[in-house]
Amino acid sequence: DREVRITVADRIALHELERMVNDDDYLVRQTVAKRLKPGRLFRMITDPDREVRKTVAKRLPLESLGLMINDSATEIRRVVAEYINPDELSPLLRDKHWHVRLIACERAHLSMLYQLGQETDEDVLSCIHKRLKNEAE
């Protein structure tokens, strides 16, 4: 039954695909998220499954990624930090997880890095110092 629904989600016409957005099986919903047009993914931003939301985050239009900036899963916030417009990275520079902050640090405008005086993670501090040092040279 699962394999049949995944196959259907993989082959059904795009205009009929949205009917499967609320399927009980996360793999079916993930297949739907891979195929839906990016502008039609908004309903899936709060999907209960992390892997479905990760697929959505990778495919959302960049200007809409901010809608996922406070996702409960670190992995989703890492994806957001990798793709979001650098102008919108400020909240991710203060994320509770060091790896999200590190990715944000690598992409943020240099002017944003001066605001990170409270950083305690060694890897993030190293990133800040390296980027600011390179700017000074």
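Which residues does Cys 105 touch, not counting residues up to four places away in sequence? In this predicted model, the residues in question are Leu 93, Leu 113, Val 124, Cys 127, Ile 128 and Arg 131. Cys 105 is found in helix H7 and has a relative accessible area of 0%, so it is buried. The C-alpha atom of Cys 105 is separated by 8.7 Å from that of Leu 92, and these two residues are 13 apart along the chain.

One of the contacts of Cys 105 is covalent in kind. A search of the whole structure finds one disulfide, and this disulfide joins Cys 105 to Cys 127 with an S to S distance of 2.4 Å. The torsion about the S-S bond is about -105°, and the disulfide of Cys 105 and Cys 127 is therefore left-handed. Because Cys 105 lies in helix H7 and Cys 127 in helix H9 (residues 122–136), the pair ties together parts that are 22 residues apart in sequence. Both Cys 105 and Cys 127 are buried. A disulfide, in general, is a covalent bond between the sulfur atoms of two cysteines.

The burial of Cys 105 extends to other residues of its helix. In H7, the buried residues are Val 100, Arg 101, Leu 102, Ile 103, Ala 104 and Cys 105. The cover over the buried residues of H7 includes H5, helix H6 (90–93), helix H8 (110–113) and H9.

The packing of H7 against H5 was examined next. The axes of helix H5 (residues 74–83) and helix H7 (residues 98–107) come within 9 Å and cross at roughly 0°. With angles under 35 degrees counted as roughly parallel, H5 is therefore roughly parallel to H7. On the H5 side, the contact involves Thr 74, Arg 77, Arg 78, Ala 81, Glu 82 and Tyr 83, which meet His 99, Val 100, Ile 103, Ala 104 and Arg 107 of H7. Sorted by class, the contact of H5 with H7 has five nonpolar, two polar and four charged residues. Val 100, Ile 103 and Ala 104 take part in this contact and are among the buried residues of H7.

H5 also packs against helix H4 (residues 50–59). The axes of H4 and H5 are 9 Å apart, with an angle of about 5°, and the two helices are therefore roughly parallel to each other. From H4, the residues Arg 50, Glu 51, Arg 53, Lys 54, Ala 57 and Lys 58 meet Glu 75, Ile 76, Val 79 and Tyr 83 of H5. The contact of H4 with H5 divides into four nonpolar, no polar and six charged residues. Tyr 83 of H5 appears in the contact with H4 and also in the contact with H7.

Within H4, Lys 54 has a relative accessible area of 19%, which makes it buried, given that the cut-off for burial is under 20%. Leaving aside neighbours within four places in sequence, Lys 54 is in contact with Glu 75, Ile 76 and Val 79. These three residues are also among those of H5 that meet H4.

On another side of the contact list, H4 meets helix H3 (residues 26–35), and the axes of H3 and H4 come within 9 Å and cross at roughly 5°. H3 is therefore roughly parallel to H4. The contact brings Tyr 26, Arg 29, Gln 30, Ala 33, Lys 34 and Arg 35 of H3 to Glu 51, Val 52, Thr 55, Val 56 and Arg 59 of H4. By class, the contact of H3 with H4 has four nonpolar, two polar and five charged residues. Thr 55, placed in H4, is buried, with a relative accessible area of 10%. Apart from neighbours within four places in sequence, Thr 55 is in contact with Gln 30, Ala 33 and Lys 34. The C-alpha atoms of Thr 55 and Ile 45, ten residues apart along the chain, are separated by 9.6 Å.

The largest nonpolar core has 41 residues, and those with the most contacts inside it are Met 44, Val 56 and Leu 92. At least two residues of this core are supplied by each of H3, H4, H5, H6, H7, H8 and H9. H7 gives the most to this core, with five residues. Met 44 touches Val 21, Arg 29, Val 32, Ala 33, Leu 36, Val 52, Arg 53 and Val 56, not counting residues up to four places away in sequence.

Key:
Residues are numbered from 1 along each chain as its sequence is written. This is a predicted model: local features need pLDDT of at least 70, side-chain atom pairs count only at pLDDT 80 or more; totals for chains, interfaces and linings use all residues. Side-chain values use heavy atoms; hydrogens and water are left out. Axes are lines fitted to C-alpha atoms, for helices over the stretch in contact, and angles run from 0 to 180 degrees between N-to-C directions. Helices (H or I, at least four residues) and strands (E, at least two) are DSSP runs, numbered from the N terminus. Angles under 35 degrees count as roughly parallel, over 145 as roughly antiparallel, 65 to 115 as roughly perpendicular and the rest as oblique. Contact means heavy atoms within 4.5 Å. Ala, Val, Leu, Ile, Met, Phe, Trp, Tyr, Cys and Pro count as nonpolar, Asp, Glu, Lys and Arg as charged, and the others, Gly among them, as polar. Buried means under 20% relative accessible area, exposed over 50%, partly exposed in between (1.4 Å probe, protein chains only). A disulfide is a pair of cysteine sulfur atoms within 2.5 Å. A nonpolar core is a set of buried Ala, Val, Leu, Ile, Met, Phe, Trp, Tyr and Cys residues joined through side-chain atoms within 4.5 Å.
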